[in-house]
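With the model open in your viewer, please follow this tour one selection at a time, pausing at each stop before moving on.

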Amino acid sequence: MKEKIKIFLDSDLLEKYLLGTTNDQESLQVERYLAMYPEVRDTYNELQDNLEIYAKLHAIKTPDGLRNKIMARIKSENASRRKFFRYAIAASFAAIMFAGASYFLWNQNQSLQEENIIVNNKIETLKEDMRLELEDVRNQFIVLNNPQTKRYNVKGNNNAKDLKAVAYINPVKKLSYINVKKLPHISDNQSFQMWAEVNGEMINLGIIDEAAGKEKLLALPYADKAVSYITIEQKGGNQTPTVENIVAKIDY
Amino acid sequence: MSALLEKHIVELLQERDEKAISLLYEHYGDTLYGVAKKVVRDEELAQDVLQESFVKIWKKSDSYDASKAKLFTWLFRITRNTAIDKLRSVNTKTDKEIQMDVSDVYNLGVDSIKPEFMDVRENLDKIEEKYQIVLEALFFEGMTQQEASDELNIPLGTIKSRLKIGLRELKKIYGPSMMLALLLNLM
């Protein structure tokens, strides 16, 4: 161990370290020795003291005015540093503002995108509705215009003598429509409901609304030897028709 | 310098108080100017070096680590390196631009020696020249030991031993009473 320290002290590493001319690796080595061996530490401290004494032997009085020059330089260094900090603060603030604005815009973009999806869906639904409506109108036109269309006048039975409707059936195009012209007065808690029996199955065609139905052709599902019924049901309609309340029957 | 004052200056440096530079200049200005002058051998250049060194000291004050070096050692390193860099840059410029001998360019002004150092300086002359030459070559002229060996035509081993004796045995060369006088002077 003693040998190791002696070799180290005999090298000029400690002197080089004193002058700050060691490279990183050498500095680490010296610092390791300094930390580990008191003899090395003592020698280093002695070297430092001697350096200071030796350097002081060469002291020369500084020229007048140099001190003021230096202090002025230090002041301007500080000013530029303060300036730098001011800019740094301004830059940080700008960055925060930018982040805030970005988040705001991003958020807005998100909600706009959501809105866009909703609007697109609405447009799609509307298009589909339009398509169905158009098809219906086209079919109505075909039915009304086709010479092979048969026209049936439908009248209510004794329970609803005032009921008047016209059915248009076209067996070639397999289309059938009904136009309910007039409905007898019924109590407020009742409504007329349309049914069709197709291939032995009863299909609910929905409530007939007098006000809306006057000029409207209501499509009936087409089948050979189908039968349509109009019944009086409780307000809002029923899942299955009430047979004793049949007020009209259309065979086609 | 007293340990207390040194500690105070270091604290001021770390607090980035300009007073630290003022105190450093007061206590080390002459010594560091002497170091700079010794390296560049020109008064004007030495003044530039001292200015630049103090700016570096101020800028690097965060990096001073009292556990690794005494304050003066740190100041000395910065000043010496600044001076050596300055000398190199001036030398390259001179070599390139006017191809003139360095000694013609530098004005060799008269050292204004502090009176209180007069006797010290006389004593410095008493240090055996062989040690002085080695110490100056290494400390002030920025030579490595190998360069000093080549330049001074002294074997590397001798350079090493003279440096060691010159530095480590400084006290013995001066004698205890001289050291005391020196220390009192410097404090």
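Select B:Arg41 to begin, in what is a predicted model: this residue follows helix α2(B) and has a positive phi, near 55°.

Now extend the selection backwards to helix α2 itself, residues 19-40 of chain B, and look along its axis until you reach B:Tyr28, where the helix bends by about 65°. If you then colour the helix by burial, 17 of the 22 residues of α2(B) are buried, so the helix is largely enclosed by the rest of the structure.

Add helix α3, residues 43-59 of chain B, whose axis comes within 9 Å of that of α2(B) and crosses it at roughly 135°. That angle makes α2(B) oblique to α3(B), because angles over 145 degrees would be needed for the pair to count as roughly antiparallel. The handedness of this crossing between α2(B) and α3(B) is right-handed.

Further along the chain, select residues 129-139 and 145-152 of chain B, which are helices α7 and α8; their axes come within 10 Å and cross at roughly 130°. These two helices, α7(B) and α8(B), are therefore oblique to each other, and α7(B) passes α8(B) in a right-handed crossing.

Before leaving chain B, select the whole of it: its secondary structure comes to 11 helices and zero strands, and 32% of its 187 residues count as buried.

Turn next to chain A and select residues 84-106, for which an unreviewed UniProt entry lists a "transmembrane region". In the model this span is 100% helix and 0% strand, and its end C-alpha atoms lie 32 Å apart.

Move on to residues 109-140 of chain A, where UniProt, again in an unreviewed entry, places a "coiled-coil region". This span too is 100% helix and 0% strand, with 45 Å between its end C-alpha atoms.

The following stops concern strands. Select β2 (residues 164-170) and β3 (residues 175-182) of chain A, which run antiparallel and are joined by seven bridges. Within this pairing, A:Val166 stands opposite A:Asn179 in β3(A). The two strands form a hairpin with four residues between them, and in the turn you will find A:Lys174, which has a positive phi of about 55°.

Keep β3(A) selected and add strand β6, residues 218-220 of chain A, which runs antiparallel to β3(A) and is joined to it by three bridges. To locate one contact between these strands, pick A:Ile178, whose bridge partner in β6(A) is A:Leu218.

For the last stop, which strands make up the open sheet of chain A, and in what order? Four strands form it, in the order β5-β4-β7-β8, and the pairing is antiparallel. The edges are β5 (201-208) and β8 (246-251) of chain A, each of which pairs on one side only. Neighbouring strands of this sheet are turned by 25° against each other on average, direction ignored.

Inside the sheet, select β4 (residues 190-198) and β7 (residues 227-234) of chain A, an antiparallel pair joined by eight bridges. Finish by centring the view on A:Gln190, which stands opposite A:Gln234 in β7(A).

Terms used
Residues numbered from 1 in each chain as written. Chains lettered and ligands numbered in written order. Predicted model: local features only at pLDDT ≥ 70, side-chain atom pairs only at ≥ 80, totals over all residues. UniProt positions renumbered as here; feature names shortened; annotations may be inferred. Bend = angle between axes of the 7 residues up to and from the residue. Buried ≥ 20, exposed ≤ 12 C-beta atoms within 10 Å, placed from the backbone. Pairing = 2+ DSSP bridges. Axes fitted to C-alpha atoms, helices over the stretch in contact; angles between N-to-C directions. Parallel < 35°, antiparallel > 145°, perpendicular 65-115°, else oblique. Left-handed = near helix turned anticlockwise from the far one by under 90°.
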